[in-house]
Structure formats: structure tokens, C-alpha cells
Amino acid sequence: MTADDRKARDAAARVISVCEVIAHIVEPGEQHFLDDIQAQWAAEMGLIRIGEAVAKIPASVRERFDGQPWRQIIDMRTFVARRDDDLDPRRVWRTLTRDVPRLRDYLSDVMLPAL
């Protein structure tokens with residue numbers, strides 16, 4: 001295993017951990033999320049952490065695993081961090097319930113086994 005593969009493995013494991021926390025945040029349902037500012041802020045921080053960790057996956061490894069929109073995931077971190085005042089909770093909900101589980105599954109089912 002190369003040094004880049006080790007870095008990618010560590011970053012992917014961190015992302016999976018954050019995805020699992022996000023799964024607990026969304027478990028009570030959409031209305032609860034929309035009504036709970038603490039859940040929204042926690043989820044937004046989770047998206048920031050995911051973007052930070054994905055950015056630590058070396059580009060050479062991300063290129064080998066093209067099943068995810070890596071640049072968009074990294075850019076989402078910046079978007080969330082800078083738009084905290086007017087971030088649409090429904091848009092965040094869609095990301096949390098659609099994209100985050102797909103990312104988690106891809107990392108655990110495709111990327112980690114291949115590294």
C-alpha cells in the first residue's frame with residue numbers, strides 16, 4: 001500500500017464516521033430537522049468535515065475512483081461554511097439524505113476494499 005493509499009484510507013474512514021453521525025441526525029425525519037436549528041448546525045458542520053476529509057484524499061487516488069463528484073464534495077464544504085446565514089435547510093436535507101448515504105456506501109463498498 002502506497003503512502004497516498006494510506007492517506008486516502010484514513011480520510012475515507014473519517015468521512016464514513018461523519019456520515020454515520022449524519023445518519024443519526026436525520027433519523028427523526030425531515031420535519032424534526034427543519035424545526036431543530038441545532039440539528040441543522042450539526043449537519044452543516046458534518047458537511048464541512050466531509051469536505052475537509054475528502055480534500056485530504058490525494059488527487060491521484062481520487063482520479064482512480066471516479067464514482068463520486070469529488071470536486072463538488074470539496075466545494076460543498078466552502079459553500080456551507082460561507083453561506084451559514086441563508087443556507088436553505090431543505091437543500092441541506094436533500095444532500096444529507098441523498099448524497100451523504102451514497103458517498104458512505106461508495107467509500108465502504110468500493111474505495112476501501114480496493115485500497
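**Close-up views of helices α3, α5 and α6**

**View 1. Helix α3 crosses helix α5 in a left-handed manner.** In this predicted model, the two helices pack at an angle of about 135°, and their axes lie 8 Å apart. That angle makes α3 oblique to α5. On the α3 side, the contact is formed by Glu44, Leu47, Ile48, Ile50, Gly51, Glu52, Val54 and Ala55, which meet Trp70, Ile73, Ile74, Arg77, Val80 and Ala81 of α5. Sorted by class, the residues of this α3–α5 contact comprise ten nonpolar, one polar and three charged.

**View 2. Helix α3 also packs against helix α6.** Helix α3 spans residues 37–55 and helix α6 spans residues 89–114. Their axes come within 11 Å and cross at roughly 45°, which makes α3 oblique to α6. The crossing of this pair is left-handed. From α3, the residues Gln40, Ala43, Glu44, Leu47 and Ile50 take part, and from α6 their partners are Pro89, Val92, Thr95, Leu96, Val100 and Leu103. The contact of α3 with α6 includes eight nonpolar residues, together with two polar and one charged. Glu44, Leu47 and Ile50 are among the α3 residues that meet α6, and these three residues also meet α5.

**View 3. Helices α5 and α6 form a further packed pair.** The angle between α5 and α6 is about 140°, with their axes 13 Å apart. The two helices are therefore oblique to each other. Their crossing is left-handed. Helix α5 contributes Trp70, Ile73, Met76 and Phe79 to the contact, while helix α6 contributes Arg91, Thr95, Leu103, Tyr106, Leu107 and Met111. Eight nonpolar residues, one polar and one charged make up the contact of α5 with α6. Trp70 and Ile73, listed here for α5, also appear in the contact of α5 with α3.

**View 4. The largest pocket is lined by residues that include members of α3, α5 and α6.** The space within this pocket amounts to about 300 Å³. Its lining consists of Leu47, Ile50, Gln68, Pro69, Gln72, Ile73, Met76, Thr95, Asp99, Val100, Arg102 and Leu103. Each of α3, α5 and α6 supplies at least two of the lining residues, and the largest share, five residues, comes from α6. By class, seven residues of the pocket lining are nonpolar, three are polar and two are charged. Among the pocket-lining residues are Leu47 and Ile50, which also take part in the contact of α3 with α6.

**View 5. One cavity of 30 Å³ or more is found in a search of the whole structure.** The largest cavity has a volume of about 40 Å³. Leu47, Met76, Phe79, Val80, Leu87, Arg91, Val92 and Thr95 form its lining. At least two of the lining residues come from α5, which covers residues 70–82, and at least two from α6. The cavity lining is composed of six nonpolar residues, one polar and one charged. Leu47, Met76 and Thr95, which are among the residues lining the cavity, also line the largest pocket. Met76, Phe79, Arg91 and Thr95 of the cavity lining also belong to the contact of α5 with α6.

Notes: Residues numbered from 1 in each chain as written. Predicted model: local features only at pLDDT ≥ 70, side-chain atom pairs only at ≥ 80, totals over all residues. Heavy atoms only, no water. Axes fitted to C-alpha atoms, helices over the stretch in contact; angles between N-to-C directions. Helix = DSSP H or I, 4+ residues; strand = E, 2+ residues; numbered from the N terminus. Parallel < 35°, antiparallel > 145°, perpendicular 65-115°, else oblique. Left-handed = near helix turned anticlockwise from the far one by under 90°. Contact = heavy atoms within 4.5 Å. Nonpolar A, V, L, I, M, F, W, Y, C, P; charged D, E, K, R; others polar. 1 Å grid on protein atoms, 1.4 Å probe; cavity = no way out; pocket = protein on both sides within 12 Å on 5 of 7 lines; lining within 4 Å. Points joined across faces, edges and corners; volume = space filled by probe spheres on them.
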